[in-house]
Amino acid sequence: MGEQLCYTDAYLRSVDATVVSVDAGSGSAGPLVVLDTTQFYPGGGGQPPDRGTLLRTDDGRTWIVASARKAGGEIVHELELDAGAEPPAVGERVTAEVDWARRHALMRTHTALHTLCGVVWRDYGALVTGGNMEPGAGRMDFEFERMSGELVDEIEAKVNTELALARDVRVDVLPRAVAFEIPDLIRTKVNLLPPGIEQIRTIEIVGLDLQADGGTHVANTSEVGGIRVTGYESKGRINKRIRIELTEPAATA
Ligand SMILES: [Zn+2]
């Protein structure tokens, strides 16, 4: 099994790796490459997979990684390849680099959405039922019968207050039995996790929110900047959707 570094270090932009396997792909899918170590996020929990490049150490030849995903437990990199072009070969050394501007925007967006979740749970007791994001914008669905335009304005202000408090964001991995004793985790439906999963990864916005989560996050809420609620809608009597976007451009680093 290749090392999967995105879960432990969200700030890794580039790693040196060895190609472990190459599958030709089928249909419109490009070749599928597995590395012995990677920081690419394979998607999941509403966060889309990373894009980026592989650069061969020997000659600098570069391939575009159009997407990534989990397959058989491994993180697989899907290459975008011109007709007739060759993928890298097994055993070759490459530098894997994520599209950092995009990934960092996704990290900020993901942490913003957890902050939204935390505020809505803490102050209104509403459970989150789902969510999705793209770089810089996202949505969350809640069981939130009494949501209104006025409340949404209030929520936007509260989320921005929490972000400005510069709360640390911590990643932890807990044994299943321990995770199940944390009442806050129940609301993110940790109890729906398959019985085979023995370790549960959690994301804590210290002092605000704790969730079982597989995504990549910024290390402090101050790095998110601010958010704006761009819309809300009813998905039924009880289920409501809130859309947000980040109000500040990504910091150039
Ligand atoms: Zn999440």
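Start by selecting His110: at a relative accessible area of 2%, His110 is buried (buried means under 20% relative accessible area, exposed over 50%, partly exposed in between, with a 1.4 Å probe and protein chains only). Before going further, note that this is a predicted model, where local features need pLDDT of at least 70, side-chain atom pairs count only at pLDDT 80 or more, and totals for chains, interfaces and linings use all residues. Residues are numbered from 1 along each chain as its sequence is written, and side-chain values use heavy atoms, with hydrogens and water left out.

**The zinc ion**

Now show the zinc ion along with His110. Its protein donors are His110 (NE2), His114 (NE2) and Asp213 (OD), lying 2.0 to 2.1 Å from the ion. Donors here are N, O and S atoms within 2.8 Å of the metal (3.2 Å for Na, K and Ca); water is not among the atoms, so sites may look incomplete. If you want a pattern to search for, the donor residues are spaced H-x3-H-x98-D in sequence.

Click on His114 next: it counts as buried too, at 3% relative accessibility. His110 and His114 both sit in helix 1, four residues apart, about one turn of the helix. An α-helix has 3.6 residues a turn, so residues three or four places apart point the same way.

**Helix 1**

Select residues 100-124 to get the whole of helix 1. Helices (H or I, at least four residues) and strands (E, at least two) are DSSP runs, numbered from the N terminus. How many of the 25 residues of helix 1 are buried? The count is 21, so the helix is largely enclosed by the rest of the structure.

Try the distance tool on the helix ends: the end C-alpha atoms are 35 Å apart, which agrees with the 36 Å that 25 residues should span at 1.5 Å a residue. That expected span is 1.5 Å times one less than the number of residues.

At the N-terminal end, pick Asp99, which caps helix 1 with a side-chain oxygen 3.5 Å from the backbone nitrogen of Ala101. At the other end, helix 1 is followed by Gly125, with a positive phi near 65°.

Stay in helix 1 and select Thr111, which is buried at 0% relative accessibility. A polar atom of the Thr111 side chain lies 3.2 Å from the backbone nitrogen of Val218. Leaving aside neighbours within four places in sequence, Thr111 is in contact (heavy atoms within 4.5 Å) with Val169, Ile205, His217, Val218, Thr221 and Val224.

**Cysteines and Gln211**

Cys117 is buried, with a relative accessible area of 2%, and Cys6 is buried as well, at 1%. Counting a disulfide as a pair of cysteine sulfur atoms within 2.5 Å, the total comes to zero disulfides.

From Cys117, jump to Gln211: the two are 94 residues apart along the chain, yet their C-alpha atoms are separated by 9.5 Å. Gln211 belongs to strand 13 (residues 209-212) and counts as buried at 6% relative accessibility. Its side chain makes a polar contact with the side chain of Asp209 (3.0 Å). A polar contact is a pair of N or O atoms within 3.5 Å; within protein, one must be able to donate a hydrogen and the other to accept it, and residues adjacent in sequence count only if both atoms are side-chain atoms.

**Helix 2**

Move to residues 149-164, helix 2, whose end C-alpha atoms are 23 Å apart, in agreement with the 22 Å that its 16 residues should span at 1.5 Å a residue. Color Leu151, Val152, Ile155, Val159, Glu162 and Leu163, which are buried. Seen down the axis, the buried residues fall within an arc of 110°, so they line one face of helix 2; the arc is that of the directions from the helix axis to the C-beta atoms. Their cover includes helix 1, strand 14 (227-234) and strand 15 (239-246). Flip the view for the face turned away, which carries the exposed residues Glu150, Asp153 and Ala164.

Just past helix 2, stop at Ala166, in the loop leading to strand 11 (169-175). Its phi is near 55°, a positive value in a residue other than glycine, and Ala166 is partly exposed at 38%.

**Last stop: Trp63**

Finish in strand 6 (residues 62-71) with Trp63, which is buried at 2% relative accessible area. What does the side chain of Trp63 reach at 2.9 Å? Look for the backbone oxygen of Glu86. Beyond four places in sequence, Trp63 touches residues including Leu79, Leu81, Pro87 and Pro88.
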